Every structure is written in structure tokens, then in C-alpha cells.
Amino acid sequence: MTPDAPSTTNDPTSAPPASRGALSPRRSLAHAFVAPAVALLLTAGAWIDSNRRSAEGRNDFFLGKGAVPLPVIADFSLTERSGRPVSLASLRGRPWIAGFAFTRCGGPCPKLTGEMRKLQDSLAGTDVSLVTFTVDPEFDTPRVLSEYADQFGADKERWLFLTGDERAVKKLVSESFFLPMEKDPNARPSERITHSTKLALVDREGRLLNYFETDDRLEADGLDRLVKRARLLGRTTCMPEVNAALNATSGLLLLVGLALVRRGRVAQHKRTMLTALAVSVAFLACYVTYHAQFGSVHFPGEGGARALYLGILITHVGLAFLLVPLAATTSVLGLKGSFERHARVARLTFPVWLYVSSTGVAVYLLLYRIYSGVP
Ligand code: HEM
């Protein structure tokens, strides 16, 4: 018996684990590395590919849409309702949602601005800003915009109302957002401007990611999708990083624990595996807290990327449920000194646990790193 083996009649070091049972445990455990390795390789591939493409301003891995660079909003210089100048640089570093309206509008503008007010509430706790560009800058002075903004309870810090030179606004709307803005001087003031009711989502680098329809006759779930995308882009918590780190740590501890027991270092194996258990319990507590606070996070990728993500996520969650009784039984058998039975159960627990930990990291990478900037 090695000095750190527990004193029990069921001597764990009396025979090498590989010599017991019909099935070779080394081989069965070797198979355990295959699934996590494949999941991590696919994820690493997606990451490398997306880094290469995002250097060119595009993120189309697996999207099957062709490599179209994302348009970047051109710099502008306008005036906020408070009177301060605002340029593209003032908005850099946080995601923002642009809407186009005018205060005299007798058509869809009140509804559109009302929807932006709802977004202000739904996006509390993120760093997403809202920006309303007036399409009637001749009439909508900072003072007029200020009164309009107050009617909608617009937060002065998070929701900007911009006006300025009419030609500059028109150039921005049509050449950066690719949206219509037409003025008919002969029409009644409430109908004078024709413009889009879409909202545009812009990322932290000023890239135009996507449009979302506010008119639910045209697109019923447009705003739901916008809230999900914006919450993902504008999160301010680092809980997903903490959770991924906890998963990576428990995975590494499992590997170290296995290596230790293979060398007959049972006491160290015990400590390492119980630490892995504590780390996984901490992960579970953080995961539940995070999702109770922020709800579920929508994956924005499509096609093959979505199938890969859902395949990993579903097996990850399913096996995580199975892991609870398995890890508990394995630990209790180990602690009680029933090592034969412990080893038998552990041969199932180990691959399941390793898969759950490594796919936890893969889910984080896919959702928060690789696909967070997908249009
Ligand atoms: C919760 C966590 C644990 C896990 C996942 C785990 C996992 C494993 C694995 C994978 C093996 C190798 C099985 C084989 O292929 O032969 C093993 C063996 C062993 N473990 Fe654990 N273990 C855990 C906790 C413990 C604890 C608390 C002890 C207490 C001393 C312990 C003692 C042993 C011993 C003595 C062996 C060698 C058994 C034999 O070869 O017959 N383990 N464990």
C-alpha cells in the first residue's frame, strides 16, 4: 500500500485499475476524451475563423450568407437635445439602437418612440444606448426635442435625441443606415416627411448589425428579437466568464485527479476530485443566479452554427442533470472506501463530467465570444 492510500480491506493499490473487469478501464476512459475534444475543436475552429473574418468586418462563419462586410456608420456631427455636440466617436464603446422620427408626425412616430421607451425599460442593466434622429431637423430644435423626449420619459443618460443640419441628417440616414428620408414641402406638417419605422442595431465599433421592424403588422417578433440581441451585446456582468472559468477549472481538476489515481496517489486523488466537486457546485449556483437575473440568452447564429450550438447545449444540459446523482454516488462510494464499486461508477461519472465541463466552455465561447457580434 502506498503511504497515502486509505487503510481499508479493499486496498485500491493492490492491483492496477486496468487489470480489473472485462472492459479495459483505460480504454473506456480514453473514449471519454473524444466528445469534449471534438466539441472544443469545432469551437476553436469557429473562433479562429470568426477572428479572421472579423478583422475584415464580417462574421459569417456557418451562416451560409456569403461574405458580406458589415457596413460601418460614417462619422457625423449633430446636436443633442441638451445642446451638447454628439459624433460617432461619442457613441463608440457601447452598442446603440437608432430610431428615426419627427415630433410633428401624425403617423407612426409616437408608436415608434413609445416602443423605444419600452426598450429603455427592457434594456435596463445593460450598457445599450438609444438614439433618436429627427428626420425634420428644421423644426425639431434641441428645445422641441427636449419637450418631446420628456413626454416619453426618456432617460437623459441612455437615450439621446439628435438634430442638426438637414443635409447632414439626410446623408446619414440614407448613406449610413440605407433608409429613406423624403420631404414633401407641399404636404401638411404632420405628413411632410416620409421615413422608415425600422430600428437599427449598431455594435460597439459603430457597425450596423441589423434592422428590426416596429410595425407588428410587418414583423410580429421584431422587437423581441431586438431585445434579445441587444441584451447579449450590451451585457455588463462578467458572470458568463466566471462560469466558463469554473467549468474549465473542474475539467482540469478531473484530468489531474485521474492522473493522480493512475499513479496510486489516492489521498491527492481524493482531494482533487472533491475540489472539482466543490467547483462544479459553485458553477451550478452561479449559473442559476445568472439566469434567474438575466433570463435565457438567445443564440444569434443560423444554419450549421445553430445546429452545432443546440447539439452541444442540449447534450450539455441533459448530461448535467445525470451528473448530479452520478457525482454524488461516486463521491460517497469513494469516501466510504468501497473502491471496487467506486471505480466502476467513476468510469461512467468521469466521461460525463468531463463532457459537461468542456461543453460548458464551448457554449460560452460560441454564445458570448464568437457569435455575439453576428448581425
Ligand atoms: C467525486 C469524485 C470522484 C471521481 C469523479 C473519481 C473518479 C475516479 C476515477 C475515474 C477512477 C479510476 C477508475 C478506473 O478507471 O479504474 C477512480 C479511482 C479511484 N478513486 Fe476516485 N473519484 C472521486 C472521488 C474519490 C474519493 C473521494 C476517493 C476517496 C479516497 C476516491 C478514491 C479512489 C480510489 C482508491 C480509486 C482506485 C480504485 C481502484 O482502482 O479500484 N475517489 N476515481
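Visitor: What phi does G264 take, just after α8?
Guide: The model is predicted. In it, helix α8 covers residues 239-262, and G264 comes just after this helix. The phi of G264 is positive, at about 80°.

Visitor: How far does helix α8 reach from its first C-alpha to its last?
Guide: Helix α8 has 24 residues, and at 1.5 Å a residue a span of 34 Å is expected. The reach in the model is close to that, at 35 Å.

Visitor: Which residues of α5 are buried?
Guide: Helix α5 runs over residues 142-151. Among the elements that cover its buried residues are β4 (129-134) and β5 (159-163). The buried residues of α5 are L145, Y148 and A149.

Visitor: Within what arc do the buried residues of α5 fall, seen down its axis?
Guide: An α-helix has 3.6 residues a turn, so residues three or four places apart point the same way. In α5, the residues on the side away from the buried ones include R143, E147, D150 and Q151, which are exposed. The buried residues line one face of the helix, because they fall within an arc of 100°.

Visitor: Which residue follows α5 with a positive phi?
Guide: Helix α5 ends at residue 151. The residue in question comes after the helix and has a phi near 65°. This residue is G153.

Visitor: In what order do the 7 strands of the open sheet stand?
Guide: Strands of a sheet pair through backbone hydrogen bonds, either parallel or antiparallel. In this open sheet the pairing is mixed. The edge strands, each pairing on one side only, are β2 (85-87) and β9. Neighbouring strands are turned by 35° against each other on average, direction ignored, and the order is β2-β1-β5-β4-β3-β8-β9.

Visitor: How many of the 6 residues of β3 are buried?
Guide: W96, A98 and F100 are buried on one side of β3, and I97, G99 and A101 are buried on the other, so both faces are covered. The strand is largely enclosed by the rest of the structure, because the number of its residues that are buried is 6 of the 6.

Visitor: What is the bridge partner of A98 in β4?
Guide: Strands β3 and β4 run parallel and are joined by 6 bridges. The partner of A98 in β4 is V131.

Visitor: What is the bridge partner of W96 in β8?
Guide: Strand β3 (residues 96-101) pairs with strand β8 (residues 198-202) over 3 bridges, in the antiparallel sense. The partner of W96 in β8 is V202.

Visitor: At about what angle does α7 run to β9?
Guide: Helix α7 lies across three strands: β3, β8 and β9. Its angle to β9 is about 150°.

Visitor: Which strand or helix gives the largest share of the largest nonpolar core?
Guide: In soluble globular proteins, nonpolar side chains tend to be buried together. Here the largest nonpolar core has 45 residues, and I97, A98, F133, V135, V173 and L201 touch the most other members. The largest share is 5 residues, and it comes from β3.

Visitor: How many residues are in the other core, which lies apart from this one?
Guide: Among the members of the other core are L246, A346, W353 and V356. L246 is also one of the buried residues of α8. The number of residues in this core is 15.

Visitor: Is T214 buried or exposed?
Guide: T214 stands in the loop between β9 (208-213) and α7 (222-233). Leaving out residues up to four places away in sequence, T214 touches several residues, including K111, L112, T197 and L223. A residue needs 20 or more C-beta neighbours within 10 Å to be buried. T214 has 22 inside that distance, so it counts as buried.

Visitor: Is F178 buried or exposed?
Guide: F178 lies in the loop between α6 (166-176) and β6 (181-183). Although F178 is not a glycine, its phi is positive, about 55°. A residue with 12 or fewer other C-beta atoms within 10 Å is exposed. F178 has 12, so it is exposed.

Visitor: What percentage of the 375 residues in the protein do buried residues make up?
Guide: The protein has 11 helices and 9 strands. Of the contacts with a separation of 6 or more, 71% are between residues 24 or more positions apart. The share of buried residues is 36%.

Key:
Residues numbered from 1 in each chain as written. Predicted model: local features only at pLDDT ≥ 70, side-chain atom pairs only at ≥ 80, totals over all residues. Helix = DSSP H or I, 4+ residues; strand = E, 2+ residues; numbered from the N terminus. Contact = placed C-beta atoms within 7 Å. Pairing = 2+ DSSP bridges. Axes fitted to C-alpha atoms, helices over the stretch in contact; angles between N-to-C directions. Core = buried A, V, L, I, M, F, W, Y, C linked by C-beta atoms within 7 Å. Arc of directions from axis to C-beta. Expected span 1.5 Å × (residues − 1).
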